[in-house]
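User: Please take a close look at one loop of this model, and then work outward from it to the rest of the protein. I am new to reading structures, so keep the steps plain.

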Amino acid sequence: MLLLDSHPSGRHFLQIPGPTNVPDRVLRAIDQATIDHRGPEFAALTKAVIAGMKKVFKTDADVVIYSASGTGAWEAALVNTLSQGDRVLMAETGHFAALWKRLAERLGLSVTLLPGDWRHGVSAVDIEAALRADAQHSIKAVCVVHNETSTGVTSRIPELRAAIDRAGHPALFMVDTISSLASIDYRHDEWRVDVTVGGSQKGLMLPPGLSFNAISAKALAASKKAKLPRSYWDWNEMLSINASGYFPYTPATNLLYGLHEALDMLESEGLDRVFARHSRLAEATRRAVRAWGLEILCAEPAEYSSTLTGVVLPAGHNADTFRKIVLDRFDMSLGQGLGKVAGKIFRIGHLGYFNDLMLCGTLAGVEMGLGLAAVPHRKGGAQAAMDYLAETAAAELARAA
Ligand SMILES: *Cc1c(COP(=O)(O)O)cnc(C)c1O
């Protein structure tokens, strides 16, 4: 139902934190004839995209690509490394952490959950204490979400790695980077992560449908002993066939064309510049939220997410009513509150194929929507963001001169 009799023209604003806007270049790459996945051209494509993904994960270790949503790669990480009844340590950062926990429990794993308030990242102190208390080393894996997409909070992975090391605990370290990979700095090898989980539809700028595991040598060794049943997700079969450039089953050929193109775009911009672009657009967004007089859900500035911002609406105002007005009137999708914060917050996605003016349009739509929905706020958020974007652009120009 339309609020007003509008006839959408121009581009839809897809400002949810994934799926993100797919660049035209990637769409054109996908729109090519599907080739023989057992032919010679295909092997070159597989090798190129795996090599490109290693650069994005910052790893020299193995990377596998699944034709699956991110949830599939979550499952793959667990079934390849663990056995029925194994203890797993997880942290309640938000809705995605809760979903990964539910998946682990359905697989027959025994999850110990560190409670959280959905406004902070994973606590290194709590991780260290839980591991120190486990003198028997019954915990086999520590699984955390790097960027909690339901809240806009980014956990500090190097601090968690250091906590595991201080406890002297041998558990595998697994990190979900589905909404941070290729947007926020991440280093699989340097941070000694054992399994990193990624997905195609967020920072990688692709449609949904691909997901990834980066696999340390320690995780690969664990997979030789792990007893959870697995077939489709089995790393060892995948890796042995990938070595010659093929897959054990029919891969998502056209999405791989898109991945090749997206990796090319990331490489030409340079990952460091991609990260800086995200952090600048995120800061501009937060300035808008503060100028509106609204609250940012993330309570710890050192954990602000560069890929999305969760915004709390004043009590008595439903965030989904506001989002519906923005969608109907301005043809813009904003992220809904999930789980515990449903109806209380909305999320602004500012990741992937995104720039200054797309952010200005997004924030203008939010500001006008706040007015239409009669949410108490001050005007001038979009202007505050513009001021920051212009200031930082001027500083960049001066540096370049
Ligand atoms: C999007 C997302 C997922 C879920 O991925 P699907 O592709 O929907 O299965 C998991 N974790 C995080 C952090 C995400 O952002």
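Analyst: Trp118 is in the loop that runs between strand E4 (110-114) and helix H5 (124-132). The model is a predicted one. The backbone at Trp118 is worth a look, since its phi is near 65°, a positive value in a residue that is not a glycine. Is Trp118 buried or exposed? Its relative accessibility is 5%, so Trp118 counts as buried; the cut-off for buried is under 20%.

Another loop residue can be set beside it. Asp331 also has a positive phi, of about 55°, although it is not a glycine. Its loop lies between helix H11 (319-330) and strand E13 (332-336). With a relative accessible area of 21%, Asp331 is partly exposed, because buried requires a value under 20% and exposed a value over 50%.

The residue numbered just before it, Phe330, belongs to helix H11. Phe330 has a relative accessibility of 26% and therefore counts as partly exposed. If residues up to four places away in sequence are not counted, Phe330 touches Ile325, Gly365, Met368, Gly369 and Leu372. Leu255 lies elsewhere: Phe330 and Leu255 are 75 residues apart along the chain, and their C-alpha atoms are separated by 30 Å.

A further loop shows a feature of the peptide bond itself. Pro19 sits in the loop between strand E1 (13-15) and helix H1 (24-30). The bond leading from Gly18 to Pro19 is cis, with omega near -5°.

Next comes the loop between strand E8 (172-176) and strand E9 (195-199), where Tyr186 is placed. Tyr186 has 1% relative accessibility and so counts as buried. Beyond its neighbours within four places in sequence, Tyr186 has contacts that include Val56, Phe57 and Lys58, as well as His146, Trp191 and Phe275. Gly339 is 153 residues from Tyr186 in sequence, and the two are 27 Å apart in space, C-alpha to C-alpha.

Ser183 is found in the loop between E8 and E9 as well. Its relative accessible area is 1%, so Ser183 is buried. With neighbours within four places in sequence left aside, Ser183 is in contact with Gly203, Val274, Phe275, His278, Thr307 and Leu351. Phe275 is thus among the contacts of Ser183 and among those of Tyr186.

One more loop is the stretch between helix H8 (235-242) and H9, which holds Tyr246. Apart from residues up to four places away in sequence, Tyr246 touches Ile241 and also His37, Arg38, Gly39, Pro40, Phe42, Ala43 and Thr46. From Tyr246 to Glu159 the C-alpha separation is 38 Å, with their positions 87 residues apart along the chain.

From the loops we can turn to the interior. In soluble globular proteins, nonpolar side chains tend to be buried together. Here the largest nonpolar core has 91 residues, and the members that touch the most others are Leu78, Ile127, Met174 and Leu259. Helix H9 (residues 253-269) gives this core its largest share, eight residues. A second core, separate from it, has 29 residues, with Leu313, Phe322, Phe354 and Leu389 among them. Returning to the largest core, Met174 can serve as an example. Leaving out its neighbours within four places in sequence, Met174 is in contact with residues including Ala77, Leu78, Trp100, Cys143 and Val195.

Finally, the whole chain. The protein contains 13 helices and 14 strands. Its C-alpha trace spans about 60 × 55 × 50 Å along the principal axes. How does the radius of gyration relate to the value for a compact globule? For 401 residues, such a globule would have a radius of gyration near 21 Å, and the protein has 21 Å, which agrees. Buried residues are 57% of the 401. Among contacts with a separation of 6 or more, 74% join residues 24 or more positions apart. The exposed area is about 16,300 Å², of which carbon and sulfur atoms supply 56%. As for charge, there are 41 positive and 42 negative charges, and their mean positions lie 3 Å apart.

Methods: Residues numbered from 1 in each chain as written. Predicted model: local features only at pLDDT ≥ 70, side-chain atom pairs only at ≥ 80, totals over all residues. Heavy atoms only, no water. Core = buried A, V, L, I, M, F, W, Y, C linked by side-chain atoms within 4.5 Å. Buried < 20%, exposed > 50% of the residue type's maximum accessible area, 1.4 Å probe, protein only. Helix = DSSP H or I, 4+ residues; strand = E, 2+ residues; numbered from the N terminus. Contact = heavy atoms within 4.5 Å. Rg over C-alpha atoms; globule rule 2.2 N^0.38 Å. Areas by Shrake-Rupley, 256 points an atom, 1.4 Å probe, with all protein chains shown as cover. Lys, Arg positive; Asp, Glu negative; His and termini not counted. Charge placed at Lys NZ, Arg CZ, Asp CG, Glu CD.
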